[in-house]
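Let's walk through this structure together, one piece at a time. Keep the viewer open and follow along as we go.

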Amino acid sequence: MTQSSELYAKDAQPKGNAPGTSPVKVVVPSRDAGQSEVLASRSGNAGFKREASPKQSREIIKLHKKLKREAGKAIADFNMIEEGDRVMVCVSGGKDSLTMLDILLGLKRHAPINFDLVAINLDQKQPGFPGGVLPAYFEDLEVDYTILEEDTYSLVTSMVPEGKTYCGWCSRFRRGILYKYAAANGFNKIALGHHRDDLLATLFLNLFHGGKLKSMPPKLLSDDGRNIVIRPLAYCREKDIERYAGLREMPIIPCNLCGSQNNLQRQVIEQMLKDWDRQHPGRVETMFRALNNVVPSHLADTKLHDFAGLRITPGLDVVNLD
Ligand code: SF4
C-alpha cells in the first residue's frame, strides 16, 4: 500500500475553481498561532494523547480494533472500496466523521489494495465555526485535504422563516456542493460518517413519519448516477465512536454552533433507541440484524413480491391435515 504524499500532492494544494464548482471557494489555510492549543492536545499520527493512562491506552487500542474490524467488514460486505478508488472523506468536524477518517487511515495502512483518501471539509460560514481547527488536525495526521468555503449559512437564514430549523436546507446545500465537487474532481466514492444508530434512527423515522420501510443504505448510487456514497461506519455503534473520539481527544466541532435545532422527530427517535438499548440489552442489535435479513414475501409490497402470480406447485403430494 502506497502512502506516499506524492499520491495526494495535487489535492493538498489549493485547486482554484474547477469547472462546475465556481461558486465554491477552495482553500487550504495554513496553521496559525490560535491552533497551537489544539495541536498541543494531540500526539499526531501515533494516535494517543500524551497523558493517556495505561488503562486508557488499552481502551483506545481495544476500541480502535473493534471499530476497524466492523468498518472492514462493512467495506467488504458492500464492496465499498476497490482498487484505484479515489475516496473523498467528508469531515464535518463531528465525532463520527473524525472517527471515520481515523479508521479509514488505519485500514489503508494494511489494505491489500491501493486507493486514495482525501479529507474534505466544507466551511459553511456558520457563526463561530473555528476554520483553523480541521486544517491543523489534517496536517497533524499527514492526510491530504481540501477545505471548501461556501456561505450557505447566509443563504439558509435568509430563506427559512424565523423560529424554523435550518438543518434541512443546510444539509441539502452541503450535499449538493460536496457531490458536485466530487464529480468535478475525479472522486468516485464519497465517504460519509453515518453509523449503525443513524441507520436505525432513519428506519424508524421513515416508519413512523414517512410511511416507508426504508433506512439509510451503507452504499448508494446518487440519483444522477455521478456519485457512489459509502458509509464505512454502518456497522459501528455510536457509543463506541463517541468513547473513542473522546479518548483520542479529537478536535470535535459541534454542529449546532449556528444555534439551529436538528430535526426534533429524529431526536425523539434517537432517544427512544437509547432507552431501548438501556432497558432491553440486545434489542438494538436484533433490529439492526433485521436490516440485513429482509423477507419480501412476508411483507405486503406488490412491487417486491409477485403475490398476484402465486400458484400451487402441481404434482406435490397433498398432506392430509385432518
Ligand atoms: S445545526 Fe448543523 S446541520 Fe443544522 S443548520 Fe446548523 S450547521 Fe447546519
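Arginine 196 lies in helix H8, in what is a predicted model. Is arginine 196 buried or exposed? Arginine 196 counts as buried because 24 C-beta neighbours fall inside 10 Å, and the threshold for that label is 20 or more. Setting aside neighbours within four places in sequence, arginine 196 is in contact with Ala234, Tyr235, Cys236, Arg237 and Phe288. If you would like a backbone distance to check, take glutamate 285: it is 89 residues from arginine 196 along the chain, and the two C-alpha atoms are separated by 9.4 Å.

Phe288 leads us on to a helix pair. H8 packs with helix H11, residues 283-291, at an angle of about 75 degrees, and the axes are 10 Å apart. That makes H8 roughly perpendicular to H11, because an angle of 65 to 115 degrees earns that description. On the H8 side the contact uses Arg196, Leu199, Leu200 and Leu203, which meet Val284, Met287, Phe288 and Leu291 in H11. By residue class, the contact of H8 with H11 has 7 nonpolar members, no polar ones and 1 charged.

Now stay with H8 and turn to another partner. Helix H8, residues 196-210, and helix H10, residues 264-279, have axes that come within 9 Å and cross at roughly 120 degrees. How are H8 and H10 oriented to each other? They are oblique, because roughly 120 degrees lies outside the 65 to 115 range for roughly perpendicular and is not over 145, the limit for roughly antiparallel. The crossing of H8 and H10 is right-handed. From H8, the residues Asp197, Leu200, Ala201, Phe204, Leu205 and His209 take part, and from H10 they meet Gln265, Arg266, Ile269, Glu270 and Leu273. Here the contact of H8 with H10 divides into 6 nonpolar, 2 polar and 3 charged residues. Leu200 is worth highlighting in your viewer: Leu200 is listed in the contact with H10 and in the contact with H11.

A further helix pair can be found elsewhere in the chain. Helix H4, residues 95-110, packs with helix H9, residues 238-247, at an angle of about 75 degrees, with axes 9 Å apart. H4 is therefore roughly perpendicular to H9. Lys95, Asp96, Leu98 and Thr99 of H4 make this contact with Ile241, Glu242, Tyr244 and Ala245 of H9. The residues of the contact of H4 with H9 divide into 4 nonpolar, 1 polar and 3 charged.

Next come some loop residues. Valine 143 is found in the loop between helix H5, residues 133-141, and strand E4, residues 145-149. Why does valine 143 count as buried? Valine 143 does so because 24 other C-beta atoms lie within 10 Å. Beyond neighbours within four places in sequence, the contacts of valine 143 are Leu101, Leu105, Leu117, Ala119 and Phe138. For Leu117 there is also a backbone distance: the C-alpha atoms of valine 143 and leucine 117 are separated by 7.8 Å, with their positions 26 residues apart along the chain.

Glutamate 142 is placed in that loop between H5 and E4 as well. Glutamate 142 counts as exposed, because it has 12 C-beta neighbours inside 10 Å and the label applies at 12 or fewer. Its backbone is worth a look too: glutamate 142 has a positive phi of about 60 degrees although it is not a glycine. Lysine 125, also not a glycine, has a positive phi of about 65 degrees. Lysine 125 belongs to the loop between strand E3, residues 116-123, and H5. With 15 other C-beta atoms within 10 Å, lysine 125 is partly exposed.

Which residues are closest to the ligand? The ligand is surrounded by 10 residues, and the closest are Tyr166, Cys167, Cys170, Cys255 and Cys258. The shell around the ligand divides into 5 nonpolar and 5 polar residues, with no charged ones.

Finally, step back to the chain as a whole. The secondary structure comes to 11 helices and 7 strands. Of the 322 residues of the chain, 29% count as buried. Among contacts between residues at least 6 apart in sequence, 78% join residues at least 24 apart.

Notes. Residues are numbered from 1 along each chain as its sequence is written. This is a predicted model: local features need pLDDT of at least 70, side-chain atom pairs count only at pLDDT 80 or more; totals for chains, interfaces and linings use all residues. A residue is near a molecule or strand if its C-beta atom, placed from the backbone, lies within 6 Å of it. Ala, Val, Leu, Ile, Met, Phe, Trp, Tyr, Cys and Pro count as nonpolar, Asp, Glu, Lys and Arg as charged, and the others, Gly among them, as polar. Helices (H or I, at least four residues) and strands (E, at least two) are DSSP runs, numbered from the N terminus. Two residues are in contact if their C-beta atoms, placed from the backbone, lie within 7 Å. Axes are lines fitted to C-alpha atoms, for helices over the stretch in contact, and angles run from 0 to 180 degrees between N-to-C directions. Angles under 35 degrees count as roughly parallel, over 145 as roughly antiparallel, 65 to 115 as roughly perpendicular and the rest as oblique. A crossing is left-handed if the near helix is turned anticlockwise from the far one by less than a right angle, and right-handed if clockwise.
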